Amino acid sequence: MPVPEPSERFPKYLYMSVPHMSGREMPYVQEAFESNWLSSVGPNLQALEAAFQDRFGAPCVALSSGTAAIHLGLRLLGVGPGDEVVVPTLTFAASANPVLYLGGTPVFIDSEPQSWNLDPNLLKDFLSKRASQGRLPKAVVVVHLLGQSADLDPILEVCNQYEVPVLEDAAEALGTLYKDKAVGVLGDVGVFSFNGNKIITSTGGGLLISKNAAWVEKARFWSQQARDPGINYLHSEMGYNYRMSNVLAGIARGQLEVLDERIEQRRAIAFRYRDAFEHIPGIALMPQASYGFHINWLSSFTLEPDVFGMNQRELIDFLKQANVETRPVWKPLHTQKLFQGNECVGGAVAEDLNKRGICLPSSTSLSPEEQLFIIERVIEAHELSQVHA
Ligand SMILES: *Cc1c(COP(=O)(O)O)cnc(C)c1O
């Protein structure tokens, strides 16, 4: 059956997740210009890091991207050439690419259906098998996907047992809670992202956070070209140009002040979709694990094509014709050409979520009218496919 045409197109394209400035950013940017702190040192950087330290209770360093933060984080955990690092297969490539930067090899593990995140039981079996073979991975990357925390207690317990350090990739989960505790500071190193599509943005940036203050200082040192003390350009370690600029830190600073508002808005958008689809069969909001507080960074749904009437690709096409951007849930990394040949434990859950999962527009700047238009088109897609069936 060809995909039917929607009855209406929205006058402008409705993107999935766009930057949403609050008005508090410009004064900080202005200050940076007026004081000429236009590079990688300055008061906005200090204030941003202080604000994160206040909120999360751990020291941190602001960086040029979340990917850079993962790179430095994995280096702190000792990952080097030939080392294996566990990464959940259902995530964005940026969770795994830094393993390659360090010469390591990602080993992928499937998701659990209850949270779509790293399956603690598969991890447990994998680590116990590897321990008995004497080849434990160097580190585990835990991703809090789409704004929902992984089930950290069993994950941290088994990693502790085998003394494998944990990096939390909380790029999509700024403000997410696990059992009333903020994610990002529960493992050994945590990472946030301020990329343009994330819940708050500095237009591009990231942050590394850890209770281990010496590690944070080391990351700061590496992020600024690993300059040893003295004026004669002394270097004893390999560095990077990964520091955030003071201008962008001003944007992040203003954005952080409205984070809690943004979280409430993202959740409200997800729940508005959920409620509107309550009587539409075959479309359901992703699980909201009872152990946590899910910020619902992207409103993500699973389809049962037989009941809903369209499969994921058909619905994506239908909505695109209506000027609505949607995407499949992440394509599992073990199915990417880049990682062909990498080991993957399981994988069927992630493949199914990629096949049936769809992310709907979730920008906090989405107006109620815009969201209503999207809701109506999804309902129309269902109804048209019933007529054609
Ligand atoms: C966005 C994202 C990153 C990378 O962050 P950048 O700031 O864009 O480099 C890493 N991991 C996940 C899961 C992400 O969604």
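## Polar contacts of the ligand

A polar contact is a pair of N or O atoms within 3.5 Å; within protein, one atom must be able to donate a hydrogen and the other to accept it, and residues adjacent in sequence count only if both atoms are side-chain atoms. This is a predicted model, in which local features need pLDDT of at least 70 and side-chain atom pairs count only at pLDDT 80 or more, while totals for chains, interfaces and linings use all residues. Residues are numbered from 1 along each chain as its sequence is written, and side-chain values use heavy atoms, with hydrogens and water left out.

A nitrogen atom of the ligand lies 2.7 Å from a polar side-chain atom of Asp169. Oxygen atoms of the ligand are involved as well: one is 2.5 Å from a polar side-chain atom of Thr67, and an oxygen is 2.5 Å from a side-chain N or O atom of Glu172. The protein buries 94% of the 380 Å² that the ligand exposes when taken alone (Shrake-Rupley method, 1.4 Å probe).

## Surrounding shell

The ligand is surrounded by 16 residues (a heavy atom within 4 Å), the closest being Gly66, Thr67, Glu172, Ser193 and Lys198. Helix α3 (residues 66-76; a DSSP run of H or I, at least four residues) supplies the largest share of this shell, 3 residues.

## The largest pocket

The ligand takes up the space of the largest pocket. A pocket is an open set of points on a 1 Å grid over the protein atoms alone, where a 1.4 Å probe fits, with protein on both sides within 12 Å along at least five of seven lines; lining residues have an atom within 4 Å of a point. Occupancy requires more than half of the atoms of a molecule to lie within 2 Å of the grid points.

The lining comprises 32 residues, with Phe92, Asn197, Lys198, Trp297 and Trp330 nearest the centre of the pocket.

Methods. Helices (H or I, at least four residues) and strands (E, at least two) are DSSP runs, numbered from the N terminus.
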